[in-house]
Every structure is written in C-alpha cells, then in structure tokens.
Amino acid sequence: LATSTSTTTRTTQGSRLSELPSPQDQNSPPRKQPATETFGNDVTRVDQAHLASPIEKRQKSVDVADLLVRQLKETYRIRCSRVQPIPYISDKLCSVDQVFTEVGIQYKSGRNDSWNTLNSYCDILTEAKGDSRIQIIEGEPGYGKSTLALQLAYDWCNNVLKSTLGKNDILVVLNLREIGETKSIAEAILKSLLPEDSPITETDVELLLQDRNLKTIILFDSYDEYPDQHSEGNFVAKILEEKILRHTHVVLITRPSCKPAGCAPHTGQIKLTGFDESAREKYVRKAVTKGDEQATQRLLQAFKSNPILRDICQAPLFTVIYAHAAHEEQLFQEISSVTDFFEYILKCFYSHALKKRESKREREELKHYAVHHDKLDEVAYESLAGENPQLIRKRNDLVNELGNGLYQACVDTGILIEERVLNHNFALGDEPYSFQVRFYHKLLCEWFASHHLVKLVKDHSSHDPTVNMDLYDLQCLFRFACGLDPNAASKVIQLLKRKKDGDRFALLCALEQRGNGTDIELDEVRDLVSRCVVIRSWDSRLLQRTTFQLLEVASSNEIPIARVCIAGCRTVAYQSGSSLALPRSQLSLPILSTLQKLWIRDGDRRLDNTEVVGILSYTAQCAAVKELWFGYNDYPMQLPDRVQGAEPILSTLRSGNVTGVLIEPVIIQSECTICAKISGGT
C-alpha cells in the first residue's frame, strides 16, 4: 500500500555505552574480567554476575533501555513520515497516519479452531492474541501488510489512545527484506534501527531483550522477502521455534504462500481480507479527494459500476494507485480485464514520468523504453521462474543486465525501487553501503515476466516455460500473458489445462481475451454455472479461488447461477453478511446477485446462533436466491433450537421476491436433510 523511503542501516563500530566509566570509586581495585556465554547465534553476552553491584546493574539497564526506546522512536518517526502512497510520485511523501485505512481482519488464536472477525487493527495484540505468544499476520500482495506495520510503529511512538501498544516498553519493527546475512536479532536492531553514532552495543540489546521485567514486542515484516528464510538456524526461525526469547511476544507478517515451517504450537493466525466498499470510500475521502464531494462520487461510481475493477481493488494497493491516478491524472478508462487494469496503471507510471522530463530527447527516450523492455521482461521472468529465483538484485548487476538507459527509466517511473543496505563484513577502506534493487511490487514483476512468457510460448519450443511456476502464487502472470497476446493465449491455456486443477483456471485466463470480441468463454462460464458448482474442503486453494472468481464473472454478467454447494469447509459469514468465508483456505465468496440456491454441507457440525444469522444475512443480500439448505442426506447439520436475531433478516427476505418464511429446523424425510427453506411458504 505504501513504501517508506528510509532503509538506512548502521555499523557496530564507534563509541559504546557499555565502555563508559562505571559509577564505582576511581580508587577501587580493578574489576575482575567478566565471564561470557554464548547466546543465540554466535553472539557473546556478558555474565551479569560480574558486572557491578545490583543497584549499578539495574540503573545502567534502565538508562540503556531509555536510550534504546528514544532512538527506536526517532527511527520510526522518520520512517512513518516518509510514506510514498503512489510509487511513481517520489516527491509526494506523507505520514502513514494520513493514509492508513483499516482493512478487513480475521483471526484464529491459540487452540481456537474457528475464525472470528476483528473490529479493529488495534485489537491484534489483545483480542486476537488470546493465549498465543507468537502471531502470524498474512495477506495477499497489495493487502497493506507493510503499511499496517508502520501504523503500529506510529501508534507506539505517539501513544495513540485507541492503541494498546503504548503499554509495551519496547517495540522492535524489523523489515526482514533488509537484514539478510545478519546473525542475530541484536545485530539486526543495531544495524537497521539505531543511528550510526549510537553508544548502544549488541550486548546491551541482548540483555534488554532477555529482561523479563520489560514488555517487549518484536514485529518481523516482509518474511516472504527474507533472504535467509531457507538458511538453517537463522535467528528468526529460532525465535519462532521458541529456542530463544521464549518470553517475548512475536508478530510475523508474510504472504499466505510463504508461511514459516516449524512454528511453535498454538501460534495465533491473522489474515488481512482487503478493502470492502466501505473501506474504499473511507480511503478515497481521507487520502485522495479530501472534501471534494463531486470528485469523491465520481471515483466511488467508477468502483461500483465495474465488477472487475471492484474485484481487483479489494487489494488496497490497487485502490490507492487507481484512486490517486484517476483523481490527479484525470485518466479514466474502461476496465474489462486484469490486463486492462495493469496497462492503465503503467500508463499512469509513464505519464507522470514524462511530465518530469525536460527535453524532447529525454521524453522520446522514455517513450522508447515504455515499449521496448525485453531485457527487463527476461529479468522479471528469471526472478520468478528461473533456476535461482530472486526478487532482489544488486544495483550494479542489474545495471549491467538492463543497460543504464532502461535501468534509469525504470527507477524514474517507480517500477524499480533502490534501497541502501549495509555491506556485511566490509574491510577497512571498502564502501560500507551498497544498493539493492527490487520491483515496487511483486505484481509489477509478474506483469513484465508475462511479456517474456508470451515470447517463450510463441517460439515453438518443446520446453514448457511454466514448469517451475506455482499457478496459485503467479495467477496474474498467466492472466496477463493471455490478455497481452491472443496467439500466445491459446498455447498458455493448453499448458494450464495439463496442470492439476488447471481447467477452471484456464477458463479464467481465457476471459482476459474478451476485449477482442469473442463471447465463447462467457458461454463456457454459463455452462459451468448452469449445473451445481461444488466447492470442497479438499479442493486446492487455486481451484477454490478460481471457482469464486468465475462465479463473480457470472454474477456480474447477469448469468443465473443454478446452485452452489460448499462442502466440508466450515463455512462462516462475516458479521455484516458481506461474504461467506472459508477459514480452511482463507478465501471469501462475495455476494452473488444471480445465485438461486445455496447448499452448505459441513457434516454434523453444530452451527451457533451467530453463524446462522450471518449466513442468513449473506443469503438475504443475494437477490435471486430461493433456497438455503444446511446438511445433506445422512449428514444433517445441527442448528440452534431457536435462532435469535433473525427476524429483521427474514423481514428483508419477505419484502423482496422471496415470499417464504424460515421455519424451525426440520428433517425433510425424503432426503433426511435439515433444511431452512426460504421459498414456497413451507
């Protein structure tokens, strides 16, 4: 959702707090050398028994803790004030609090196996924590994970009243993307969060982290981009496996496809579900239009009138880019596919960069690179599907691969982001810092990689260029490829159909070609939804998500959906009934205006009152629905004897085309099914 421009790290050289004179009498005999012991990963800490008197030790600990907190807050305040909401406008920075808008959040804590809706991000560290000491927050690309981390840091620095973070003595927020080859958390804190002239040492930090009298929270951001995540014995893994710092509250942020293995039992789980219509409106009013009601309504209408745009902009990142671009650049266009949307986004990137080019030669050069970017396409493809995939490159290496002209054009437009990092173990006389480069977002990497995939499939090679690709993790890459080139699309679709669960996904990719005047794919969607569409708990996440997206396509094109059956997925509804959630796969089915029948089959699971009301609320918002069934054949689901709070929903059902009433659960003898029948008056 936003990028902080401050990524400065530091060295361990210079003055040290622990080397300052102790408060002991200057004439006293020399103190015995302290014993040492190994802590964590090759880090030596001082045995406190030999440091000083208990009073001296405690006073020094308090002094160091106060200094550490002050310096951490200074760093966070700088980073929180340098948020860049729009990637291609680097000179427009703002505070994270000016743009942060809450996303949907669900959580499952400790031994509790059911998912619950969290009312506010402020409750992540309290209500969502339960008895879990370790929590994992996951979200798809563009769902505001790093912005959430910045907002939590902002709250701690500023003692925000609604936040509970102020009750914690120390908050450590580490972006794991920046700390590869770091041996310990103390080293990471020292080099990435404290100023270069800080007198605090690694030993000081280690001792404070070990102090059980201090309430400390460690937040690891961008685990999915952590260079050392596969390195055996890295300090992050040791903390998650409770081998060190067992008393510390730890929060880790990552993508669903990149969760760490070997976490401690009863790790709390949190997922970001993105923007709904209300959140989009809040962001537009808060960060974009700022009181301009006419502009606000124009943007909101663009979201409401276009189901494809609405689906894409469930990711806050794309709401941000589209809203700012459409408002400030006045570039509105019809979006009929995911490919259309990204072409629009890139148009905004280049349009803004062209305005900053002073000479005609510079503008012509940028226009050239906007069309001719084959080398960038190849780099992007290798970053995702090569023998050694890596999303972060050294600047000098990338300049050599792309050439200075193309490289600079990508940096100027915001497609590539430069970050300064510390060179580990640099020798005397060497440059202590170097630059690493990454795509502004993984989906931009997929966009350029798709161009290279198109080239490969059209080369008539017998080699399958998709062999190393994860269909679920790279869904947009395949959709882009099919939308970019009709000839390549047919070959990509054939490759997809050969893969596990690839048939429906191939159909979704084929829909990217609708802009070229064919309705064949829509006929296939119509055929799919004319029969019972079954979503099973054992279906792959790719298959479930693809099915949901095809159902949305049918609904948005006013194609009747005969029946949807959700089996064994422990289905729950959000409190507002805005969608049905499948906790096991962490996916959600939005409201389908053309759905006629809904079956929910979860074995003999007992639904509580809240679950029944939520599912009824969802059903009431599906305008064409006629029947809602719970259970199937010999596996009746258990419902409450009486459903409290359902009457307002039933009134809504009766006021529409649905004329029946919800009766108390009964067993339909012909099918032995517990049924909540809404139509027919029975």
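**Side-chain interactions, pockets and backbone features of the predicted model**

In this predicted model, Glu277 and Lys304 form a salt bridge in which the closest N and O atoms are 3.8 Å apart. This pair links distant parts of the chain, with Glu277 in helix α7 (residues 277-289) and Lys304 in helix α8 (residues 293-304), 27 residues apart. Both partners fall in the partly exposed class: Glu277 has a relative accessibility of 46%, and Lys304 has one of 42%.

The pair belongs to a set of 25 salt bridges found by a search of the whole structure. A further salt bridge joins Asp464 to Lys499, the closest N and O atoms being 3.7 Å apart. Here, too, distant parts of the chain are linked: Asp464 is located in the loop between α16 (442-457) and α17 (475-484), and Lys499 in the loop between α18 (486-497) and α19 (502-510), with the two positions 35 residues apart in sequence. Asp464 counts as partly exposed because its relative accessibility, 24%, lies above the 20% under which a residue is called buried. The side chains of Asp527 and Arg531 also meet in a salt bridge, with an N to O distance of 3.0 Å. Asp527 is partly exposed, at a relative accessible area of 45%, and Arg531 is likewise partly exposed, at 44%. Beyond these pairs, salt bridges link Asp224, Arg255, Lys442, Glu446 and Asp473 in a network.

Aromatic contacts were examined next. The description of such a contact rests on the distance of the ring centres and the angle of the planes. Across the whole structure, 16 aromatic pairs are found. Phe318 and Phe341 make up one aromatic pair, with 5.6 Å from centre to centre and 80° between the planes, an edge-to-face arrangement. Because Phe318 lies in helix α10 (residues 316-329) and Phe341 in helix α11 (residues 338-356), the pair ties together parts that are 23 residues apart in sequence. Phe318 and Phe341 are both buried. The two residues also belong to one aromatic cluster, whose other members are Phe303, Tyr322, Phe342, Tyr344, Trp447 and Phe480.

Helix α11 also contains Asp340. With a relative accessibility of 18%, Asp340 counts as buried, since this value is under the 20% cut-off. A polar contact of 2.4 Å connects the side chain of Asp340 with the side chain of Ser336.

Charged side chains are also placed over aromatic rings. The charged end of Lys73 sits over the ring of Trp156, at 4.9 Å from the centre of that ring. Arg563 lies over the face of Trp599, where the distance to the ring centre is 4.4 Å.

Empty space within the model was then considered. Rolling a probe the size of a water molecule over the atoms shows where such space is left. Six cavities of 30 Å³ or more are counted. The second largest cavity holds about 60 Å³ of space. Its lining is made up of 12 residues, among which Phe100, Thr101, Val103, Gly144 and Leu148 lie nearest the centre of the cavity.

The second largest pocket has a volume of about 1300 Å³. It is lined by 45 residues, and those closest to its centre are Glu225, Pro227, Gln390, Leu391 and Ile392. Several secondary-structure elements each supply at least two residues of this lining, namely α4 (185-192), α13 (374-385), β12 (392-394), α14 (395-402), β13 (416-422) and β14 (433-439). The largest share of the lining, four residues, comes from α4.

Backbone geometry is notable at two loop positions. Ser222, a residue other than glycine, has a positive phi near 60°. Ser222 is found in the loop between β9 (216-221) and α6 (235-240). A relative accessibility of 4% places Ser222 among buried residues. Glu558 likewise has a positive phi, of about 60°, although it is not a glycine. The loop between α21 (541-556) and β16 (563-567) contains Glu558. In terms of accessibility, Glu558 counts as exposed, because its value of 68% is over the 50% cut-off.

Technical notes
Residues are numbered from 1 along each chain as its sequence is written. This is a predicted model: local features need pLDDT of at least 70, side-chain atom pairs count only at pLDDT 80 or more; totals for chains, interfaces and linings use all residues. Side-chain values use heavy atoms; hydrogens and water are left out. Rings of Phe, Tyr and Trp (its six-membered ring) pair if their centres lie within 6.5 Å; planes under 30 degrees apart count as stacked, over 60 as edge-to-face and the rest as tilted. Buried means under 20% relative accessible area, exposed over 50%, partly exposed in between (1.4 Å probe, protein chains only). A charge sits over a ring if NZ of Lys or CZ of Arg is within 6 Å of the ring centre and within 35 degrees of the ring normal. A polar contact is a pair of N or O atoms within 3.5 Å; within protein, one must be able to donate a hydrogen and the other to accept it, and residues adjacent in sequence count only if both atoms are side-chain atoms. A salt bridge is a side-chain nitrogen of Lys or Arg within 4 Å of a carboxyl oxygen of Asp or Glu. On a 1 Å grid over the protein atoms alone, a cavity is a set of points where a 1.4 Å probe fits but cannot get out, and a pocket is an open set with protein on both sides within 12 Å along at least five of seven lines; lining residues have an atom within 4 Å of a point. Grid points are joined across faces, edges and corners, and a volume is the space filled by probe spheres set on the points.
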